[in-house]
Amino acid sequence: MKPRQATAIPQFTSKDYSSFFLAGMITHGAMTPIDVVKTRIQIDPAYKKLNMLTGTRYVIATEGPRALLTGFGPTALGYLIQGGAKFAGYEYWKKKAVEFVGDPEAAVKYRTAIYLGSASIAEFFADIFLTPLEATRIRLVSDRTYATGLVTGFTRLAREGGMRELYAGFVPILCKQIPYAIGQFTVNEFCHEIAFRSMSEETRRTLSGTSKFTIQLGSGVIAGFAAAILSHPADTLLSQINKGHGPKGSMPHRLAVLAREAGFRGLFAGLGPRMIMTAGLVSGQFILYGAIKEALGAPPGIEIHKETSAVV
């Protein structure tokens with residue numbers, strides 16, 4: 001096994017981070033129809049026994065095809081901003097963690113903690129932007145008469161509930177999005193590590209475009225499944241909170257009561273459609289993220305994979 005060559009920590013510029021942010025602002029809006037059906041299955045008793053396919057047919061039959069685009073504005077805007085902040089933030093905090101440890105070689109030993117910490121911190125700050133728009137989206141999806149679109153829905157929610165209602169879902173959204181980000185980034189990193197570990201350095205340098213795409217796609221799909229499973233209970237509770245369900249009181253109390261009422265099966269209602277959505281979303285994000293970074297001339301992120309291999 002060849003020793004790992006010393007690697008300097010890259011010095012990312014403001015332009016680089018802008019490119020990371022822009023590259024992360026992709027793919028969410030296209031998933032709106034799946035998200036609409038998933039939310040209905042979670043919160044509407046009429047959809048409780050339906051799956052993704054039958055739920056989609058029921059929405060079209062009862063409300064028309066346009067209903068599948070309900071909440072498109074806040075979904076696209078909220079997740080575009082959140083996605084950009086999350087991807088750029090992950091690159092930033094990962095670099096800071098590697099600098100704290102010393103260098104990429106020393107950071108390999110602590111890579112799991114670095115992945116978990118970077119994903120969690122990046123997601124926390126990204127969710128500050130996401131939460132009000134997510135609250136608006138869920139209101140629009142769960143009650144089509146609530147408002148005509150993003151601006152009117154957001155304005156009504158802010159006027160009637162103020163900051164308290166706009167950020168009522170902040171704690172559950174953290175409970176949902178931080179496990180999601182952990183699954184998304186950490187599992188993706190380890191999937192790439194496993195794939196690359198069986199290759200020689202020469203093989204990896206000469207990988208074809210098809211081989212790179214296959215590794216990115218497979219890693220993204222697995223990461224998407226992990227993100228969906230880890231975050232789904234909180235996603236279900238978030239939908240209930242933003243629809244106004246649950247008792248009065250502190251957020252932990254409301255979440256505990258809603259979780260007891262839902263039970264294990266209820267907390268995972270709609271998981272199948274969401275796994276489909278996140279597998280496509282996460283794999284699409286990583287593929288597009290890499291392609292857009294390359295097109296913008298942005299540098300690659302810091303890599304701290306363990307490179308033990310039987311190939312020399």
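These legends describe close-up views of a predicted model.

**View 1. Lys 95 and its surroundings in helix α4.** Helix α4 covers residues 72-101, and Lys 95 lies within this helix. Lys 95 has a relative accessible area of 7%, so Lys 95 is buried, the cut-off being under 20%. Its side chain makes a polar contact with the side chain of Glu 99, at 2.5 Å. Beyond the neighbours within four places in sequence, Lys 95 is in contact with Ile 9, Pro 10, Gln 11, Phe 12, Tyr 17 and Ile 302.

**View 2. The largest nonpolar core, with Val 98.** This core has 27 residues. The members that touch the most other members are Phe 20, Tyr 90, Val 98, Phe 185, Ile 302 and Ile 304. At least two residues of the core come from each of α1 (14-24), α4, α6 (111-142), α8 (170-197), α10 (209-242) and α12 (271-296). With neighbours within four places in sequence left aside, the contacts of Val 98 include Ile 302 and Ile 304, and also Ile 9, Asp 103, Pro 104, Ala 107 and Ile 114.

**View 3. His 192 in helix α8 and its contact with His 305.** His 192 is located in helix α8. The relative accessible area of His 192 is 13%, and therefore this residue is buried. His 192 and His 305 are separated by 113 residues in sequence, while their C-alpha atoms are 8.3 Å apart in space. Apart from neighbours within four places in sequence, His 192 is in contact with His 305 and with Ile 215, Gln 216 and Ser 219.

**View 4. The crossing of helices α6 and α7.** The axes of α6 and α7 (residues 150-166) come within 9 Å and cross at roughly 115°. This crossing is right-handed. On the α6 side the contact is made by Thr 131, Pro 132, Leu 133, Ala 135, Thr 136, Arg 139 and Leu 140. On the α7 side it is made by Leu 150, Gly 153, Phe 154, Leu 157, Glu 165 and Leu 166. By class, the residues of the contact are 8 nonpolar, 3 polar and 2 charged.

**View 5. The packing of helices α1 and α12.** The angle between α1 and α12 is about 140°, and their axes are 9 Å apart. The crossing of α1 and α12 is right-handed. Helix α1 takes part through Lys 15, Ser 19, Phe 20, Leu 22, Ala 23 and Gly 24. Helix α12 takes part through Tyr 289, Ile 292, Lys 293 and Leu 296. The contact of α1 with α12 has 6 nonpolar, 2 polar and 2 charged residues.

Definitions and conventions. Residues numbered from 1 in each chain as written. Predicted model: local features only at pLDDT ≥ 70, side-chain atom pairs only at ≥ 80, totals over all residues. Heavy atoms only, no water. Helix = DSSP H or I, 4+ residues; strand = E, 2+ residues; numbered from the N terminus. Buried < 20%, exposed > 50% of the residue type's maximum accessible area, 1.4 Å probe, protein only. Polar contact = N/O pair within 3.5 Å; in protein donor to acceptor, adjacent residues only side chain to side chain. Contact = heavy atoms within 4.5 Å. Core = buried A, V, L, I, M, F, W, Y, C linked by side-chain atoms within 4.5 Å. Axes fitted to C-alpha atoms, helices over the stretch in contact; angles between N-to-C directions. Left-handed = near helix turned anticlockwise from the far one by under 90°. Nonpolar A, V, L, I, M, F, W, Y, C, P; charged D, E, K, R; others polar.
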